[in-house]
Amino acid sequence: MIKVSETAKKKVIELMHDEGYNPSTDYIRVGVKSGGCSGLSYDLKFDKESQEGDKVFVDNEVKIIVDKKSFLYLIGTTLEYSGGLNGTGFVFNNPNANRTCGCGESFSL
């Protein structure tokens, strides 16, 4: 399961509206891909439909889809949103990551 913090929920809903998505019917797709300075990086985008094999979750009124491969890396992750002095953007609080890069956009297991 992937969790969504209250601040991330507000930002996801705002961005979905801005980009023409409907938060009550559309999804945020969370994934993992090769790359980044630590080996793996997070991928985040909006999607109107799930694909065969996707895991579908709803947390804090946000519909989330994760492909089967990425799910193994993301179990227990919380999606947060930071708007502080150290940068603005989504942050993945991933308990499975052994090491993360300085910017927090990539990790290794």
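Accessible areas here come from the Shrake-Rupley method with a 1.4 Å probe. On that basis the protein, which is a predicted model, exposes about 6,300 Å². Carbon and sulfur atoms supply 48% of this area. Of the 109 residues, 39% count as buried.

**Overall layout**

The protein has two helices and nine strands. Their order along the sequence is β-α-β-β-β-β-α-β-β-β-β. Among the contacts with a separation of 6 or more, 52% are made by residues 24 or more positions apart.

**Strand 2 and its partners**

Strand 2 covers residues 27–34 and is mostly covered, with six of its eight residues buried. Strand 2 pairs with two strands described here, in opposite senses: antiparallel with strand 3 and parallel with strand 5. The pairing with strand 3 (residues 40–47) runs over eight bridges. Within this pairing, Ser34 stands opposite Leu40. The pairing with strand 5 (residues 62–66) has two bridges. There, Arg29 has Ile65 as its bridge partner. In a regular strand the side chains alternate between the two faces of the sheet.

**The loop between strands 4 and 5**

Strand 4 spans residues 55–59, and the loop between strand 4 and strand 5 holds Asn60. Glu61 is placed in the loop between strand 4 and strand 5 as well. Most residues other than glycine have a negative phi. Asn60, however, has a positive phi, near 55°. Glu61 has a positive phi too, near 70°. The accessibility of each residue can be read against the cut-offs: Asn60 is partly exposed because its relative accessible area of 25% lies between 20% and 50%. Glu61 counts as exposed because its 59% relative accessibility is over 50%.

**Aromatic pairs and a charge over a ring**

The count of aromatic pairs comes to four. One of them joins Phe57 and Phe71, whose ring centres are 5.6 Å apart with planes at 25°. This pair is stacked, because planes under 30 degrees apart count as such. The pair links distant parts of the chain, since Phe57 belongs to strand 4 and Phe71 to helix 2 (residues 68–74), 14 residues apart. Both rings belong to buried residues: Phe57 has 14% relative accessibility, and Phe71 has a relative accessible area of 15%.

Another pair is formed by Tyr81 and Phe90, with ring centres 5.1 Å apart and planes at 70°. That angle is over 60 degrees, so the pair is edge-to-face. Tyr81 is partly exposed, at a relative accessible area of 22%. Phe90 is likewise partly exposed, at 23%.

The two pairs are set out below.

| Pair | Centre distance | Plane angle | Class |
|---|---|---|---|
| Phe57 and Phe71 | 5.6 Å | 25° | stacked |
| Tyr81 and Phe90 | 5.1 Å | 70° | edge-to-face |

Phe71 has a further neighbour in Lys55, which lies over the face of the ring at 5.5 Å from the ring centre. Phe71 of helix 2 is thus described by two arrangements: the stacked pair with Phe57 and the charge of Lys55 over its ring.

Conventions:
Residues numbered from 1 in each chain as written. Predicted model: local features only at pLDDT ≥ 70, side-chain atom pairs only at ≥ 80, totals over all residues. Heavy atoms only, no water. Buried < 20%, exposed > 50% of the residue type's maximum accessible area, 1.4 Å probe, protein only. Helix = DSSP H or I, 4+ residues; strand = E, 2+ residues; numbered from the N terminus. Pairing = 2+ DSSP bridges. Contact = heavy atoms within 4.5 Å. Phe/Tyr/Trp six-rings, centres within 6.5 Å; stacked < 30°, edge-to-face > 60°. Lys NZ or Arg CZ within 6 Å of the ring centre and 35° of its normal.
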